[in-house]
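I opened this notebook to record what I looked up, entry by entry. The structure comes first, and my notes follow it.

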Amino acid sequence: MPNVTPESDKPLLSVRGLTKLFGSFAACDGIDLEIGHGEIHALLGENGAGKSTLVKMLFGILAPSSGEIGWEGSVRDIVSPAAARRLGIGMVFQHFSLFEALTVAENIALALDEDISIDEIATKAAELSKAYGLPLDPAAHVADLSVGERQRIEIVRALLQNPKLIILDEPTSVLTPQEADRLFETLFKLKAEGRSVLYISHRLEEVQRICDRATVLRHGKVTGACDPRSETPASLARMMVGSDVASVMRDDDTGLGDIQLRVSKLDLKARTPFAIALKDLSLTVRAGEVLAIAGVAGNGQGELFDALSGEYPADDNEAVQIRGKAVGSLGINARRLLGAGFVPEERNGHGAVATLPLSENLLLARNQSDKRAFLAGGWLKLIRHDTVRSATQRICEAMDVRKSGLDPAAGSLSGGNLQKFIVGRELDRQPTVLVVNQPTWGVDAGAASRIRQALVNLARAGSAVVVISQDLDEIFEVATSIAAISEGRLSPSYPAATMTREKIGLLMGGMHGLETADAH
Ligand code: ADP
Ligand code: MG
């Protein structure tokens, strides 16, 4: 593609006072943002900061409530994605908008504003994918493609319009480190041609690696604009969160105890056409150990969690052992009675009933044996409200749950505070085996660090902990050993101290058995 030459010396994009109200809530609140030609600009912020809302206004999906968008020196009304594309703005979405049953070329054709034949699109797409290092087969069906390949379709689709600005909304949250590196090379190529990139992320490390400037959002407002390379991860985090973020403290290895959780050659069929089968999966976790399981979303993490918790029991009772007892075909209650605790992946408050107060949420999550402490009166089963309330209070204090009132409805807490409560509720039982799935997904940095510290402390006190996570920073913060799951298969686990991002990336891509020598 030809290089892009600026039509004026004005910034490519200049946004003034851009505001988006949902009812009376300002998702974006008076945002100023400037992007120059040939610049890779980061838009940084915690979950819920307003990043996606901002770029939806730039791409004509949402109409601003007030403020203006300047493009190459003049104010524009961007009324639709087609209008955005005509100006030269392309967008790669956070959640892909592709039809599985169609081919790559057909999917691209659907998104184009002009009428071009499928053959012509296939030829152009092949050229672009070659030029930008984005290998794609135009005739392949989307259903057969990996997440990384699907993202390439979206990028090629945006590039076909010869954009001056390409917006990517959290593009690496679904990629392995190797796939992310390849994406970065494409972005550098776009920049070298004079195109600009608006890159949304909450990953400080990659922002520092690839971006020239960064604008930081918090609660819908700009809290800083900087050159990310002259900042530290701590200073960037402070702009994102508004306060210092404690780093997780760990003792030197205190030594590991007995095996508390053992999975041996677990095979589990997929329950639905979209689920992943678990294949010949084995692991052990000792007292004092945090085993972190890395993986790109959708590789069997949810299925592994269900198999460990008993949500989806196996046929082979011996396949899962908790503290030496075979529990593979038993349900969640039997496993909890042996002292195990489970925190499922938190998505939209699944772990709590929004309308009930925290204390009742606590009671709901307790199994029969735990409940006895909270109940009195035999048949009458009176709830000891005072005991339940004081346990609720203890959990909130231990996890620094910020709330209004003593016992508010779960739904009134922010996402991060509710997640601290849900994790704290399980920790309060002092489980000897704890399995958590994506413990800090979508949680602000302060709450995330609190949760990670609590997991490390639990292991330090002698429990065996499994953390299933997509977040490599989190994994390095908490793990004593690391394995990766890929297409339902688990790699051997390696001591965390011997692991690098690159090694984990290879395991996440399914290349097991690299160096079985130092595996345990
Ligand atoms: P980010 O992309 O930074 O995670 P978003 O822009 O998606 O954040 O959301 C910012 C805030 O606006 C969040 O609190 C979100 O719940 C809210 N929000 C986003 N879209 C809508 C909508 N259509 N209606 C009401 N609230 C919304
Ligand atoms: Mg978003």
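Entry one: Asn299. Setting aside neighbours within four places in sequence, I found Asn299 in contact with Ile276, Ile485, Ser486, Glu487 and Gly488. I note at the outset that this is a predicted model. I then looked up where Asn299 sits, and I located it in the loop between strand 13 and helix 9 (301–309). Is Asn299 buried or exposed? Its relative accessible area is 12%, and the cut-off for buried is under 20%, so I entered Asn299 as buried. Its side chain reaches the backbone oxygen of Val296 at 2.9 Å.

Entry two: helix 9. I moved on to the helix that borders this loop. Helix 9 is mostly covered, with eight of its nine residues buried. I listed the buried ones as Gln301, Glu303, Leu304, Phe305, Asp306, Ala307, Leu308 and Ser309. Just after helix 9, I noted that Gly310 takes a positive phi of about 90°.

Entry three: strand 20. I turned next to the strand at residues 464–468. Five of its five residues are buried, so I recorded strand 20 as largely enclosed by the rest of the structure. Which residues lie on each side of strand 20? I placed Ala464, Val466 and Ile468 on one side, and Val465 and Val467 on the other. Both faces are covered, since these residues are all buried. As a reminder to myself, side chains in a regular strand alternate between the two faces of the sheet.

I then looked up the pairing of strand 20. Strand 13 (residues 290–294) pairs with strand 20 in the parallel sense over four bridges. Within that pairing, I found Val467 of strand 20 to be the bridge partner of Ala292. Strand 19 (residues 433–437) also pairs with strand 20 in the parallel sense, over five bridges. Here I noted Ile468 of strand 20 as the bridge partner of Asn437.

Entry four: Lys191. I found Lys191 in helix 6 (residues 177–192). Its relative accessibility is 27%, so I entered Lys191 as partly exposed. Apart from neighbours within four places in sequence, Lys191 is in contact with Gly38, Ile40 and Asp212. With Asp212, I recorded a polar contact of 3.0 Å between the two side chains. I also looked up Glu39, which is 152 residues from Lys191 along the chain. The C-alpha atoms of Lys191 and Glu39 are separated by 6.4 Å.

Entry five: ligand 1. Which residues surround ligand 1? I listed Phe22, Phe25, Ala27, Glu46, Asn47, Gly48, Ala49, Gly50, Lys51, Ser52 and Thr53. By type, I divided this shell into four nonpolar, five polar and two charged residues.

I then looked up polar atoms beside the oxygen atoms of ligand 1. A polar backbone atom of Gly50 is 2.9 Å from an oxygen atom of the ligand. For Lys51, a backbone N or O atom lies 2.9 Å from a ligand oxygen atom. For Ser52, I noted a polar side-chain atom at 2.9 Å from an oxygen atom of ligand 1. The protein covers 59% of the 560 Å² of accessible area that ligand 1 has on its own. Two elements give two or more residues to the shell, namely strand 2 (25–35) and helix 1 (51–58). Helix 1 gives the most, with three residues.

Terms used. Residues are numbered from 1 along each chain as its sequence is written. Chains are lettered from A and ligands numbered from 1 in the order in which they are written. This is a predicted model: local features need pLDDT of at least 70, side-chain atom pairs count only at pLDDT 80 or more; totals for chains, interfaces and linings use all residues. Side-chain values use heavy atoms; hydrogens and water are left out. A residue is near a molecule or strand if one of its heavy atoms lies within 4 Å of it. A polar contact is a pair of N or O atoms within 3.5 Å; within protein, one must be able to donate a hydrogen and the other to accept it, and residues adjacent in sequence count only if both atoms are side-chain atoms. Accessible areas come from the Shrake-Rupley method with a 1.4 Å probe; for residues, only the protein chains shown count as cover. Ala, Val, Leu, Ile, Met, Phe, Trp, Tyr, Cys and Pro count as nonpolar, Asp, Glu, Lys and Arg as charged, and the others, Gly among them, as polar. Buried means under 20% relative accessible area, exposed over 50%, partly exposed in between (1.4 Å probe, protein chains only). Two strands pair if DSSP finds at least two bridges between them. Contact means heavy atoms within 4.5 Å.
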